[in-house]
Amino acid sequence: MTKLSVTEVAELIGGEIEGKSREWISGISKIDQGIPGSLTFLSNPKYAEHLFSTQADIILINRDQEINSESDKTFIRTDNAYLAFCQILNHYYNPARDKSGVDNRAVISSSASIGDNVYIGANAFVGDRAKIGNGVKIYPNVYIGDDAVIGDNTLVYSNVSVYHECVVGKNGIIHSGTVIGSDGFGHAPKGDGTYVKIPQIGNVVVGDDVEIGSNCSIDRATIGSTRIGDGVKLDNLIQVAHNVEIGDHTVIAGQTGISGSTTLGKYCVIGGQVGFAGHLKVADGTQVGAQSGLNKDITEKNTQLFGSPVMPVKDALRSHLMIKDLPNMRDRISKLEKLHNQSEKKEKE
Amino acid sequence: MTKLSVTEVAELIGGEIEGKSREWISGISKIDQGIPGSLTFLSNPKYAEHLFSTQADIILINRDQEINSESDKTFIRTDNAYLAFCQILNHYYNPARDKSGVDNRAVISSSASIGDNVYIGANAFVGDRAKIGNGVKIYPNVYIGDDAVIGDNTLVYSNVSVYHECVVGKNGIIHSGTVIGSDGFGHAPKGDGTYVKIPQIGNVVVGDDVEIGSNCSIDRATIGSTRIGDGVKLDNLIQVAHNVEIGDHTVIAGQTGISGSTTLGKYCVIGGQVGFAGHLKVADGTQVGAQSGLNKDITEKNTQLFGSPVMPVKDALRSHLMIKDLPNMRDRISKLEKLHNQSEKKEKE
Amino acid sequence: MTKLSVTEVAELIGGEIEGKSREWISGISKIDQGIPGSLTFLSNPKYAEHLFSTQADIILINRDQEINSESDKTFIRTDNAYLAFCQILNHYYNPARDKSGVDNRAVISSSASIGDNVYIGANAFVGDRAKIGNGVKIYPNVYIGDDAVIGDNTLVYSNVSVYHECVVGKNGIIHSGTVIGSDGFGHAPKGDGTYVKIPQIGNVVVGDDVEIGSNCSIDRATIGSTRIGDGVKLDNLIQVAHNVEIGDHTVIAGQTGISGSTTLGKYCVIGGQVGFAGHLKVADGTQVGAQSGLNKDITEKNTQLFGSPVMPVKDALRSHLMIKDLPNMRDRISKLEKLHNQSEKKEKE
């Protein structure tokens with residue numbers, strides 16, 4: 001990162017400069033691992049102790065943050081120091097910013113349509129009739145199948161595979177190793193223990209502003225479309241089966257799996273290593289803790305769930321914590337039984 | 001898909017045409033999302049309500065399906081409407097059907113042997129002495145290592161890696177990102193807390209008619225072979241460790257992991273996110289529910305298991321459902337103890 | 001493998017030859033699946049029965065192993081037959097041994113620095129200012145981003161992606177499909193249910209002597225580095241989130257996931273399908289059983305844990321086994337309640 005002007009940065013985020021005057025920002029650091037000359041931010045009160053001891057010199061702070069007037073730091077006040085910090089980084093730091101042009105070792109079908117200002121790296125493959133939007137960046141060794149569509153300004157990292165006929169929206173990011181459009185897992189039993197493949201003739205439709213982590217598998221629909229809504233964020237190694245629908249702005253942590261035809265609502269927050277059975281409907285705003293398992297519809301919106309099978313999170317925490325009390329509970333039951341037997345004996349005597 | 005002849009389709013599946021006469025099928029649709037002019041099928045009685053309301057015009061039905069003689073649909077009666085539907089799609093719809101020829105940007109060792117009627121896409125790599133069977137289709141950016149074998153008519157999608165010496169059978173499908181033949185996880189403790197690599201000098205042998213989903217990891221054997229039987233179907237993101245053997249026609253759902261040297265029988269049905277410990281023997285026909293964990297041999301055939309650790313499925317469902325009753329059970333025990341103490345006190349008085 | 005000299009092999013491992021004299025080793029086999037003329041080893045006493053019945057002719061044995069003087073086998077005595085066997089294979093068997101040279105179809109930035117005696121396969125990509133050490137082997141279709149570093153003698157298999165600025169140490173092995181340096185999962189809620197991307201401007205630093213299995217996802221840090229210590233061994237399909245640190249010589253089995261900013265100590269042994277919550281500190285030498293879930297710090301060193309949430313392994317096994325007794329426990333409580341009610345009734349009469 002080249003040097004940034006303090007004034008320019010403050011203007012970008014609509015912030016006010018306070019404290020010691022400084023002209024340049026030399027880099028970015030964390031407040032508890034501050035580097036002299038660098039920009040950092042304070043958002044989480046847990047880190048407030050570092051506000052004056054940090055080696056960083058320019059600090060983004062929230063409007064209501066109290067500061068010590070004797071400090072020799074430069075402060076930039078803003079409504080939300082954390083979001084402002086992200087905004088600065090998204091503006092100035094973009095690893096693909098300098099990538100441009102179509103490498104002559106990329107393999108592009110003559111029937112593909114390629115937008116303006118694209119980057120297509122060496123050994124990338126773009127199939128017949130594929131549509132690559134304006135400003136798209138496709139890294140080396142990516143495979144884009146026939147009739148696939150990549151929307152404007154989407155970034156596709158190395159070794160991604162987008163199968164034929166799949167559609168990815170605008171302003172997205174797809175990380176390496178992710179597969180979009182592999183066949184759904186459909187095999188009809190023939191009755192003799194063997195199976196016949198159920199052809200998967202649908203596709204995958206990914207909305208706008210979606211980020212998909214590395215090594216995810218998103219299967220194409222049997223018929224129709226597997227759908228990832230706008231603004232969805234998927235972590236790594238996630239399985240999205242055929243005909244799944246994920247509502248807008250839902251976020252899902254790593255290694256979670258969603259079985260076929262399940263529909264997740266909007267604004268859901270799903271932890272890591274969660275499993276969803278097939279054909280479920282999960283209401284908007286559902287929050288699910290890590291390693292949970294869902295095997296029934298969630299009809300009420302905005303509930304917090306945990307466990308396998310899931311329960312309301314408070315019940316689940318209480319119940320699961322009690323598993324370690326089971327030996328104790330059994331002993332208590334045994335003792336009660338013994339006492340009962342003794343008193344019965346006594347009565348008989 | 002181009003237009004299909006109703007008569008030709010009926011002949012292909014050995015079905016009889018009934019109802020309104022129609023000449024052409026314009027496409028494929030689901031019965032509950034029917035498109036005018038298209039072919040659909042009715043197999044699951046749950047969807048019977050759509051039989052006359054669907055917009056689709058040609059409907060595959062089972063021989064015993066009752067129909068309304070006033071309907072203006074075209075019906076094709078057959079023994080198994082669902083299998084017939086798959087058969088039609090497998091016949092007419094094949095995304096790789098038009099792929100042929102060896103791209104001059106594929107990298108193929110001069111010592112490799114390449115069968116007839118193959119497709120090898122741009123930037124695919126085929127190593128020394130590798131054998132590519134007749135009718136094989138290898139998509140762009142695939143890596144086939146030295147001495148590897150791909151059997152006749154197998155389809156290998158983009159960005160797959162098949163390591164040296166591994167063998168894939170005939171009529172298979174391997175989806176993008178899958179790795180066949182990476183080293184098994186073998187590290188011998190030296191005694192000082194560090195490890196020495198146990199070289200993995202075996203290979204992987206995949207049978208005929210196998211489909212492997214995307215981003216699976218199938219490790220080569222330490223010595224000998226990791227074996228995937230004929231007709232096995234693996235979903236996405238599955239881990240198959242070194243020296244595992246999977247019996248013929250076993251199907252496994254996404255994100256399941258099988259530890260080293262475990263043997264699964266034939267005709268097993270394994271849910272998603274299941275874990276198998278190492279060195280187990282699992283009998284033919286075993287069925288395991290999602291998120292289960294197995295840590296012991298399953299010797300009886302055709303049992304249904306669930307839970308972690310697994311139990312017979314009925315016991316497991318009953319036991320796991322009771323976890324949420326634990327707080328209640330504890331309260332009942334506490335109450336009994338209190339009552340007992342009171343009555344004891346009373347007795348002493 | 002070409003023929004090996006028995007004398008040379010014995011010298012390599014500092015072993016003594018006993019029994020029938022033989023000159024050549026023709027191959028490698030397992031003691032229970034021995035092949036005439038081949039070398040095998042006996043380490044696990046469970047396999048001692050095969051010592052004389054095996055078809056293998058040359059057998060590595062521990063110094064204290066008793067043998068039958070009438071045997072017609074050739075024995076090589078050594079301190080640790082298993083480690084010696086590994087040493088022999090690592091010396092003589094190395095699939096990448098013959099790979100050398102830079103393929104003219106590799107795509108290498110003119111600003112990259114390439115060490116001596118490297119192998120860079122066809123269609124591999126090496127970005128601007130990347131540093132490839134001496135003796136490195138990079139297989140076809142690998143992507144090495146700008147400013148990335150691959151240390152001396154490291155082996156990178158096909159279709160791996162190493163993002164910009166990430167650093168891999170010496171003598172490592174990275175298997176196919178693994179992604180190093182994808183963006184950490186960071187999205188700050190804007191307050192309206194949508195998110196703004198938190199740029200991930202850190203990197204990944206992998207130590208020396210590390211082996212990483214296939215299809216792993218190792219995210220770059222938000223700021224600073226995600227760190228994999230020296231001698232770490234990762235199995236397949238493992239998720240390592242941003243800013244995680246894994247201590248030296250820790251081994252982790254397949255499909256385990258570690259959430260952001262969690263620190264694992266040195267010499268840990270982690271089973272498969274385990275989940276770690278974020279921001280945890282796990283002490284050196286911690287051992288965690290398969291499918292466990294950790295949601296709190298582990299402060300005591302060298303503990304053995306199991307379950308979700310984890311408990312000391314003995315407690316966990318006892319408690320989890322009792323889940324299947326829950327219906328029985330409930331019945332016993334119900335019976336006690338009934339008995340209590342009866343006796344109360346009686347008293348009242």
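Biologist: What turn lays chain A on chain C?
Modeller: This is a predicted model, where local features need pLDDT of at least 70, side-chain atom pairs count only at pLDDT 80 or more, and totals for chains, interfaces and linings use all residues; side-chain values use heavy atoms, with hydrogens and water left out. Residues are numbered from 1 along each chain as its sequence is written, while chains are lettered from A and ligands numbered from 1 in the order in which they are written. Copies are superposed by least squares on the C-alpha atoms of residues with pLDDT of at least 70 in both. Chain A goes onto chain C with an RMSD of 0.1 Å and a shift of 0.0 Å along the axis, after a turn of 120 degrees.

Biologist: And chain A with chain B: what axis relates the two copies?
Modeller: Laying chain A on chain B takes a turn of 120 degrees and a shift of 0.0 Å along the axis, with an RMSD of 0.1 Å. The two copies are thus related as by a three-fold rotation axis.

Biologist: How much area is buried between chain A and chain B?
Modeller: Start with who touches whom: 69 residues of chain A are in contact (heavy atoms within 4.5 Å) with 56 residues of chain B. Buried area is the accessible area (1.4 Å probe) that two parts lose on being put together, summed over both. Carbon and sulfur atoms give 61% of it, and the area comes to about 5000 Å².

Biologist: Which three residues supply 13% of the area that chain A buries against chain B?
Modeller: No other three residues supply more of chain A's share. The trio is Phe185(A), Ile223(A) and Arg332(A).

Biologist: Which residue of chain B forms a salt bridge with Lys197(A)?
Modeller: A salt bridge here is a side-chain nitrogen of Lys or Arg within 4 Å of a carboxyl oxygen of Asp or Glu. The count between chain A and chain B is three. In one of them, the closest N and O atoms are 2.9 Å apart, and the partner of Lys197(A) is Glu211(B).

Biologist: Now chain C: which residue of chain A forms a salt bridge with Asp146(C)?
Modeller: Chain A and chain C also have a count of three salt bridges. For Asp146(C), the closest N and O atoms are 2.6 Å apart, and the partner is Lys99(A).

Biologist: Which element gives the most to the side of chain A that touches chain C?
Modeller: Helices (H or I, at least four residues) and strands (E, at least two) are DSSP runs, numbered from the N terminus. Four elements of chain A each supply at least two residues to that side: α3 (81-92), β27 (233-234), β30 (251-252) and α5 (326-348). With ten residues, the top contributor is α5(A).

Biologist: Which strands of the sheet in chain C stand at the edges?
Modeller: Two strands pair if DSSP finds at least two bridges between them. Twelve strands form an open, mixed sheet in the order β7-β10-β13-β16-β19-β24-β27-β30-β33-β36-β38-β39 (chain C). Two of the strands have a single partner each, so one side of each is left without a neighbour in the sheet. These are β7 (101-102) and β39 (311-312) of chain C.

Biologist: Which residue in β30(C) is the bridge partner of Leu234(C)?
Modeller: Strands β27 (residues 233-234) and β30 (residues 251-252) of chain C run parallel and are joined by two bridges. Leu234(C) has as its bridge partner Ile252(C).
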